[in-house]
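Colleague: Could you take a close look at the cysteines for me, and then walk me outward from there through the parts around them? A connected account would be great.

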Amino acid sequence: MSLWRPETSRRAAWGLDARELAWSPTGPAGTVRHAGHPEALPQALSHLAPNTGVDVIAGNDVAVHWLQTPPSSVASLDELRLVAAARCAHLYGGTPRDWWVAADWNANAPFVCAALPYTVVMAFQQKLAAAGVSARWHTAWGVACGSSDANTFPADGWSALRSPQRVLLWHCRDGRVDCLSMQGVAPGTTDEDANAQVLRQVRIEGMRNASLASESLHWVNLGSGDELQANEAVAALGLGKLLEGALS
């Protein structure tokens with residue numbers, strides 16, 4: 001899901017995690033550079049062509065997601081936003097003002113929310129604006145769900161997206177997400193072990209709700225093995241490059 005989408009003619013993709021920013025400078029194909037937050041932005045901007053906007057893809061260690069159930073008495077979109085922000089703070093800490101929340105807002109049915117830490121977003125957003133660079137903010141999962149590959153996700157069943165430190169797991173019913181969770185994975189975890197770990201969570205969800213019971217799991221390809229062994233910023237950048245349709 002995209003948090004802000006102004007129009008622009010040319011765009012570059014950046015991957016952002018809790019510690020680093022990754023980008024592909026002009027040069028040899030496949031070259032990726034990344035740096036810590038204090039020095040990252042000046043370096044990335046120095047490799048940005050004039051009049052180019054940026055799609056910043058937040059990795060799974062920065063972005064958070066949850067399924068929000070709207071209150072039966074909600075009276076307006078503003079009230080729904082307040083409810084979602086309060087729920088985010090309850091789930092992930094801090095106060096509602098500490099998070100930048102976006103969602104597929106719906107007053108009549110549960111809907112997916114995504115949020116980024118406000119301090120992380122604004123530290124970059126203000127400097128990008130000062131440099132005259134327009135930015136669109138995304139989560140890695142939002143890019144995957146908005147890509148052309150999304151039509152391969154089962155409309156009824158479980159899907160999972162793995163990055164170096166996380167697996168985001170979700171279940172759809174009639175094409176709508178009705179369960180969503182995230183799990184940590186240890187560095188070096190094999191695909192087989194990650195699959196077994198996630199299937200255990202699927203069984204737990206099935207015990208909580210029989211309609212979620214399943215042994216079938218669709219894995220979303222986030223990138224190459226090298227990207228999965230790197231960091232969340234590089235993995236997010238790789239997703240942006242692989243799924244360019246989500247950024248158009």
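Modeller: Happy to. In this predicted model, the cysteine sulfur closest to that of C113 belongs to C88, and the two are 8.2 Å apart, too far for a bond. A disulfide here would need the two sulfur atoms within 2.5 Å, and by this rule the count comes to zero disulfides. C113 itself is buried, because its relative accessibility is 0%. C179 also counts as buried, because its relative accessible area is 10%, where the cut-off is under 20%.

Let's follow C88 next. C88 is one of the buried residues of helix α2, together with L80, A84, A85 and A89. The general geometry helps in reading that list: an α-helix has 3.6 residues a turn, so residues three or four places apart point the same way. The buried residues of α2 pack against three strands, β5 (64–68), β6 (99–103) and β7 (111–117). The length of α2 makes a nice check too: this helix has 16 residues, 77–92, and at 1.5 Å a residue it should span 22 Å, which agrees with the 22 Å between its end C-alpha atoms. Just after α2 comes G93, with a positive phi of about 95 degrees.

Now to the strands around another cysteine, C172. In the pairing of β10 with β11, C172 has V177 of β11 as its bridge partner. Strand β10 covers residues 166–173, and six of its eight residues are buried. Its pairing with β11 (residues 176–184) is antiparallel and runs over eight bridges. These two strands form a hairpin with two residues between them, and D174 in the turn has a positive phi of about 55 degrees. β10 also pairs with strand β9 (residues 157–162), again in the antiparallel sense, over six bridges. There, A160 has L169 of β10 as its bridge partner. β9 and β10 form a hairpin as well, with three residues between them.

Moving on to another sheet-forming part of the chain, you will find an open sheet of five strands with mixed pairing, in the order β3-β2-β1-β4-β8. The edges are taken by β3 (33–36) and β8 (135–139); each has a single partner strand, so one side of each is left without a neighbour in the sheet. On average, neighbouring strands of this sheet are turned by 25 degrees against each other, direction ignored. Helix α1 (residues 37–46) packs on the sheet, where it touches β1 (10–16), β2 (20–23) and β3, and its direction makes about 145 degrees with that of β3. Helix α3 (residues 118–130) lies across β1, β2 and β8, and runs at about 155 degrees to β8. As for β8 and its partner, strand β4 (residues 52–58) runs parallel to β8, and five bridges join them. Within that pair, I57 stands opposite H138 of β8.

Finally, the chain as a whole. The protein chain has seven helices and 12 strands. Of its 248 residues, 48% count as buried. Among contacts with a separation of 6 or more, 61% come from residues 24 or more positions apart. The accessible surface of the protein chain comes to about 12,000 Å², and 51% of that belongs to carbon and sulfur atoms.

Definitions and conventions: Residues are numbered from 1 along each chain as its sequence is written. This is a predicted model: local features need pLDDT of at least 70, side-chain atom pairs count only at pLDDT 80 or more; totals for chains, interfaces and linings use all residues. Side-chain values use heavy atoms; hydrogens and water are left out. Helices (H or I, at least four residues) and strands (E, at least two) are DSSP runs, numbered from the N terminus. The expected span of a helix is 1.5 Å times one less than its number of residues. Buried means under 20% relative accessible area, exposed over 50%, partly exposed in between (1.4 Å probe, protein chains only). Contact means heavy atoms within 4.5 Å. Two strands pair if DSSP finds at least two bridges between them. Accessible areas come from the Shrake-Rupley method with a 1.4 Å probe; for residues, only the protein chains shown count as cover. Axes are lines fitted to C-alpha atoms, for helices over the stretch in contact, and angles run from 0 to 180 degrees between N-to-C directions.
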